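Subject: Structure handover

Hello,

Here is the structure you are taking over. Please open it first and keep it beside you while you read the notes that follow.

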Amino acid sequence: MEIQDAGHVDVLIVGAGVSGIGAAHHLRDQFPDRTLVILDAQDNRGGTWWTHRYPGVRSDSDLFTYGYRFKPWRGPSIAAGEEILAYLDEVIDEDALGQFIRCGHRVTAATWSTEDRQWTVEVTRGDTGQQLRYTTGFLWMCQGYYNHAEPYLPRWEGTDRFQGVMVHPQRWPEGLDLAGKRVVVIGSGATAATLIPAIAGQAEHVTMLQRSPSYYFAPPATHELAVTLAPLDLPDEWMHEIMRRQYILRSDWLTRTAREAPEELHTFLIESMRPLLPEGFDVDKHFTPRYRPWQQRIAVVPDGDLFAALREGKASIVTDTIETFTEHGIKVSSGAEIPADIVVTATGFNMSVLGDVAFTVDGEPVDFTERVTWRGIMISGVPNMAYVFGYLRHSWTLRVDLVSDLVGRLLATMRDKGATMVVPALRPQDTDMRLRPFCDPENFNPGYVMRTQHILFKQGDREPWTHLLEHEQERDILPKADLDDGTLAYR
Ligand SMILES: Cc1cc2nc3c(=O)[nH]c(=O)nc-3n(C[C@H](O)[C@H](O)[C@H](O)COP(=O)(O)OP(=O)(O)OC[C@H]3O[C@@H](n4cnc5c(N)ncnc54)[C@H](O)[C@@H]3O)c2cc1C
């Protein structure tokens with residue numbers, strides 16, 4: 001099929017999720033004259049919140065920090081997926097971003113030419129299969145961290161003989177009827193914790209089947225400070241800012257305590273769950289993780305709704321390993337068989353490296369395993385390309401705003417210097433730097449990261465070659481980062 005020339009834009013954003021929409025807002029705000037296109041492989045905007053439409057899907061983070069700095073959140077702290085999509089739609093409308101968004105456009109390859117000072121970006125349209133070719137001066141990768149088309153599904157014995165329905169939350173079928181059904185949800189992470197209370201009222205019974213327990217935190221869905229402030233009828237902007245600061249403080253505290261006093265936090269989390277569970281519940285077996293708090297995400301259970309489903313007997317937990325699927329359920333190692341009409345595999349993601357785009361720089365394919373991150377925003381030896389990867393322990397979006405500020409400064413610096421190219425390059429004093437994996441397992445080690453470490457880029461042992469810093473550090477570091485410290489070559 002002939003490749004269609006789709007034209008040239010100053011900036012090409014990959015991904016129309018929280019990151020891509022935020023990036024586009026900041027770009028339009030600071031550089032209204034630059035031409036722009038936002039490409040997304042899916043058939044609609046919203047990224048994660050479009051992919052995940054299972055019952056009860058909601059944020060773990062409060063929306064005051066998950067929302068952007070520039071756009072007040074007006075609802076309760078925790079929001080449903082649909083409400084987040086509606087918020088993103090408001091941003092798209094207010095900034096007239098719709099004209100730049102092209103859904104059903106998967107970017108497959110990006111080729112940089114120093115001679116032409118531009119990227120050539122290969123795109124496949126989902127509806128027609130048509131191949132398109134864009135060129136751009138700057139590539140902004142806002143592709144998120146996982147493969148939206150292929151969720152992670154472990155192999156289990158006997159799935160072929162199981163006569164019920166198997167569903168992955170990433171591909172929830174519209175109108176799935178749960179009435180009178182025995183549902184088993186495999187997994188113990190945030191997805192299982194949100195899905196179970198949402199379906200417990202409809203299904204005959206829901207069993208959460210976990211190999212090992214996770215940490216949970218059960219704050220009120222509306223923060224007590226928001227309740228106190230409500231009668232003051234404050235402007236939305238004030239409420240947004242006050243609640244943001246409050247939630248940032250709380251996340252700072254959780255993060256710091258996890259690092260400095262993990263046993264204290266462990267005890268706090270377990271003991272705050274205990275009174276919410278049924279009398280005599282085996283907390284050690286089902287709710288006491290084998291890792292330190294925050295080595296994996298702490299799942300938020302607003303108002304303790306998961307525990308309410310357990311108390312009311314609508315849901316139960318089995319902590320065991322799957323031996324095999326049977327015709328009518330799942331047999332676990334203890335020998336018990338859990339009957340199931342529907343099995344939901346809340347087993348997580350396949351991480352993807354920069355949207356699985358094949359990168360080439362001046363004829364050389366980029367092997368990311370040999371590259372080092374520059375502040376978690378650019379990659380060594382890859383010119384005119386920035387990417388967004390949000391926080392692990394604070395809201396993802398806090399970093400979208402900070403990274404966008406830095407990219408704005410970078411584009412302004414290029415303009416002021418008359419440069420058409422900027423590329424992170426190790427200084428002579430950095431060349432013998434000790435390289436560390438993408439993520440230190442001591443710090444953060446969920447399955448999706450550990451399964452993918454071997455194909456990810458690295459970090460160094462010093463700034464600016466590090467990433468995955470906490471928001472508490474970065475909110476000071478990034479705004480002051482010196483863009484002329486010799487680690488960025490401008491040409
Ligand atoms: C159910 C769920 C709940 C979550 N809750 C929270 C939370 O409460 N707080 C928090 O901080 N984080 C949460 N996260 C993490 C979440 O992924 C981020 O918060 C955020 O949504 C990421 O936004 P993004 O725009 O960077 O990426 P995504 O939302 O992943 O969107 C990326 C988009 O890029 C597109 N794309 C990727 N590759 C290509 C390509 N090659 N070509 C074209 N398009 C491409 C994808 O189709 C997708 O639409 C949650 C994740 C899930 C799955």
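A cavity is a set of grid points where a 1.4 Å probe fits but cannot get out, and a residue counts as lining if it has an atom within 4 Å of such a point. Please keep in mind that this is a predicted model.

Enclosed space

The search covered the whole structure and turned up six cavities of 30 Å³ or more. The largest cavity holds about 260 Å³ of space. Its lining is made of 20 residues, and those nearest the centre are Asp60, Ser61, Ser251, Val300 and Arg393. Helix 7, residues 236–260, supplies the largest share of that lining, with six residues. By class, the lining of the largest cavity has nine nonpolar, six polar and five charged residues.

For the second largest cavity, the volume is about 100 Å³. Which residues line the second largest cavity? They are Tyr145, Arg297, Phe389, Tyr391, Leu392, Trp396, Phe438, Cys439, Phe444, Tyr448, Val449 and Leu468. Eleven of these lining residues are nonpolar, none is polar and one is charged.

An open pocket

The second largest pocket contains about 320 Å³ of space. It is lined by 16 residues, and Arg53, Tyr54, Pro55, Val57 and Glu82 are the closest to its centre. Helix 4, which spans residues 81–94, gives the most to this lining, namely three residues. The lining of the second largest pocket comprises nine nonpolar, four polar and three charged residues.

Helix packing

Three helix pairs are described here, beginning with helix 11 and helix 13. Helix 11 covers residues 396–417 and helix 13 covers residues 471–480; their axes lie 9 Å apart at an angle of about 15°. Angles under 35 degrees count as roughly parallel, and helix 11 and helix 13 are therefore roughly parallel to each other. The crossing of helix 11 past helix 13 is left-handed. On the helix 11 side the contact involves Leu398, Arg399, Leu402, Leu406 and Arg409, and on the helix 13 side His471, Glu474, Arg475, Leu478, Pro479 and Lys480. The contact of helix 11 with helix 13 consists of five nonpolar, one polar and five charged residues.

Helix 11 also packs against helix 1, residues 18–30, at an angle of about 35° and with the axes 9 Å apart. In this case helix 1 passes helix 11 in a right-handed crossing. Helix 1 contributes Val18, Ser19, Gly22, Ala23, His26, Leu27 and Gln30 to the contact, while helix 11 contributes Trp396, Thr397, Val400, Asp401, Ser404, Asp405, Gly408 and Leu411. Six residues of the contact between helix 1 and helix 11 are nonpolar, seven are polar and two are charged. Trp396 of helix 11, part of this contact, is also one of the residues lining the second largest cavity.

How are helix 7 and helix 13 placed relative to each other? Their axes are 10 Å apart and make an angle of about 120°. That angle lies outside the ranges for roughly parallel, roughly antiparallel and roughly perpendicular, and helix 7 and helix 13 are therefore oblique to each other. Ile248, Asp252 and Arg256 of helix 7 meet His471, Glu472 and Arg475 of helix 13. The contact of helix 7 with helix 13 has one nonpolar, one polar and four charged residues. His471 and Arg475, part of the helix 7 contact, also take part in the contact of helix 13 with helix 11.

Backbone points

Two places in the backbone should be noted. Glu463 and Pro464 are joined by a cis peptide bond, with omega about 5°. Pro464 sits in the loop between helix 12 (447–450) and helix 13. Asp233 is not a glycine, yet it has a positive phi of about 50°. Asp233 belongs to the loop between helix 6 (224–229) and helix 7.

Regards

Definitions and conventions. Residues numbered from 1 in each chain as written. Predicted model: local features only at pLDDT ≥ 70, side-chain atom pairs only at ≥ 80, totals over all residues. Heavy atoms only, no water. 1 Å grid on protein atoms, 1.4 Å probe; cavity = no way out; pocket = protein on both sides within 12 Å on 5 of 7 lines; lining within 4 Å. Points joined across faces, edges and corners; volume = space filled by probe spheres on them. Helix = DSSP H or I, 4+ residues; strand = E, 2+ residues; numbered from the N terminus. Nonpolar A, V, L, I, M, F, W, Y, C, P; charged D, E, K, R; others polar. Axes fitted to C-alpha atoms, helices over the stretch in contact; angles between N-to-C directions. Parallel < 35°, antiparallel > 145°, perpendicular 65-115°, else oblique. Left-handed = near helix turned anticlockwise from the far one by under 90°. Contact = heavy atoms within 4.5 Å.
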